[in-house]
Amino acid sequence: MLPLYDAHNHLQDARLAPHRAQILTDLASVGVRHAVVNGTCESDWPEVAALAAASPVVLPSYGLHPWDVGNRSPDWQQNLRTALQPAPASVGLPTAALAKVGEIGLDRWILDRARPDDSRLAGLRRAPLAEQTEVFLWQLDLAAQGNFPTSIHCLDAWGPLFDLLRVSKRPTRGFLLHAYSGPAEMVTGFADLGAHFSFNGNFLEPRKTRLSELYTTLPADRLLVETDAPAMRLPPAVEKFPAIATHDGPLANHPANLAATYQALAELRGTELETLTTQVAENFQRLFLIC
Ligand SMILES: [Zn+2]
């Protein structure tokens, strides 16, 4: 079985916690070798670190997500620097050598389009774009200084993101635009700056055909695959692992649906699954693993 790589998920999420042992078994059963597990706020960084200590599948990544910018503490910069230090127990392990930054980014959707009663945003102060920008640029600069793999989230702010990336120091290894959903016309410009693009199985939803078609045209050497689990469910007909019931909201995407996502992307691109899997492994190693 060729190894699979989840370029972006949130295994630390509390909704997955009661099912964690089974999830790790399921990930092994479909051949997932590594998943980049993205912290999003200061309070979930310790949980990401604990998961990484417990499972070699987990590649920990730390960042302040744009949704969480408004609730950051006055010490967030120092806390992030501390989180990015490798844990003493992992020193010497090749996968721990490289700190990873993310999930960071810009989000105008929460300001302009999110419903006021969206339960995912309960308790969050929605930081205006200028404040998100300041926090994003500080984190991007930290990543550029260390040439750390960096995972970027963007919704409804593709123009501002491009303008910032163009004039900022960036990691020379490139960076990930996770679940890229921007305009097709901007792909070449982002790619020239070092962007990689991760396909999410949620783009198989019939109302998202623009995105599934977009991923048939992306350059093969910049392509990755992700679940964003527990977010972004696949259409139920494509899911191989049923969604997980949660106590307080929508069903959670099972991270082992990564395998079904690879399969669907290979079909979309008219590529053999083996060819795609080999290419994605090369891309993943170049972006996330090689020091
Ligand atoms: Zn995410």
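In the predicted model, Pro-230 lies in the loop between strand E8 and helix H9 (258–269). The peptide bond that leads from Ala-229 into Pro-230 is cis, with omega near 15 degrees. A second cis peptide bond joins Gly-102 to Glu-103, with omega near 25 degrees; Glu-103 belongs to strand E4. Two further backbone features concern phi. Asp-156, found in the loop between E5 and H6, has a positive phi of about 60 degrees although it is not a glycine. Ala-179, in the loop between E6 and H7, likewise has a positive phi, near 45 degrees. Most residues other than glycine have a negative phi, and most peptide bonds are trans. The surroundings of these two loop residues can be stated as counts: Asp-156 has 17 other C-beta atoms within 10 Å and is therefore partly exposed, whereas Ala-179 has 23 within that distance and is therefore buried.

The strands E4 and E8 mentioned above belong to an open sheet of five strands, ordered E4-E5-E6-E7-E8, in which the pairing is parallel. Strand E4 (101–107) and strand E8 (223–226) each have a single partner strand, so one side of each is left without a neighbour in the sheet. Neighbouring strands of this sheet are turned by 30 degrees against each other on average, direction ignored.

Within this sheet, strand E6 (residues 175–178) pairs with E5 and with E7. Strand E5 (residues 150–155) and E6 run parallel and are joined by two bridges; Ile-152 has Leu-177 as its bridge partner in E6, and Ser-151 stands opposite Leu-176. The chain passes from E5 to E6 through helix H6 (residues 158–167) in a right-handed β-α-β crossover. On the other pairing, four bridges join E6 to strand E7 (residues 195–200), again in the parallel sense, and the partner of Leu-177 in E7 is Phe-197. The connection from E6 to E7 runs through helix H7 (residues 187–193), and this β-α-β crossover is also right-handed.

The side chains of E6 are divided between two directions: Phe-175 and Leu-177 point one way, Leu-176 and His-178 point the other way, and all are buried. In a regular strand the side chains alternate between the two faces of the sheet. Leu-176, located in E6, has 31 other C-beta atoms within 10 Å and is therefore buried. Apart from neighbours within four places in sequence, Leu-176 contacts Ala-7, His-8, Thr-150, Ser-151, Ile-152, His-196, Ser-198, Leu-224 and Leu-287. By contrast, the C-alpha atoms of Leu-176 and Asp-118, which are 58 residues apart along the chain, are separated by 27 Å. Leu-224, itself among the contacts of Leu-176, touches Ala-7, Leu-176, His-196, Phe-197, Ser-198, Val-280, Asn-283 and Phe-284, residues up to four places away in sequence not being counted.

A further open sheet consists of three strands in the order E1-E2-E3, with parallel pairing. Its edge strands, E1 (4–9) and E3 (58–61), each pair on one side only. The twist from one strand to the next averages 15 degrees. E1 is joined to strand E2 (residues 32–38) by four bridges in the parallel sense, and the bridge partner of Asp-6 in E2 is Ala-35. Helix H10 (residues 273–289) packs on this sheet, where it touches E1, E2 and E3, and its direction makes about 55 degrees with that of E1.

The largest nonpolar core comprises 68 residues, and those with the most contacts inside it are Ala-35, Val-37, Val-58, Leu-177, Leu-224 and Val-225. In soluble globular proteins, nonpolar side chains tend to be buried together. Over the whole chain, buried residues make up 40% of the 291 residues.

Overall, the chain contains 10 helices and eight strands. Its radius of gyration is 18 Å, close to the 19 Å that the globule rule gives for 291 residues, so the chain is as compact as a globular protein of that length. Taken along the principal axes, its C-alpha atoms fill a box of roughly 45 × 45 × 40 Å. Of the contacts between residues at least 6 apart in sequence, 75% join residues at least 24 apart.

How values were computed
Residues are numbered from 1 along each chain as its sequence is written. This is a predicted model: local features need pLDDT of at least 70, side-chain atom pairs count only at pLDDT 80 or more; totals for chains, interfaces and linings use all residues. A nonpolar core is a set of buried Ala, Val, Leu, Ile, Met, Phe, Trp, Tyr and Cys residues joined through C-beta atoms within 7 Å. A residue is buried if 20 or more other C-beta atoms lie within 10 Å of its own, exposed if 12 or fewer, and partly exposed in between; C-beta atoms are placed from the backbone. Two residues are in contact if their C-beta atoms, placed from the backbone, lie within 7 Å. Two strands pair if DSSP finds at least two bridges between them. Axes are lines fitted to C-alpha atoms, for helices over the stretch in contact, and angles run from 0 to 180 degrees between N-to-C directions. The radius of gyration is taken over C-alpha atoms; the globule rule is 2.2 Å times the number of residues to the power 0.38. A crossover is right-handed if, with the strands pointing away from the viewer, the path from the first strand over the helix to the second runs clockwise.
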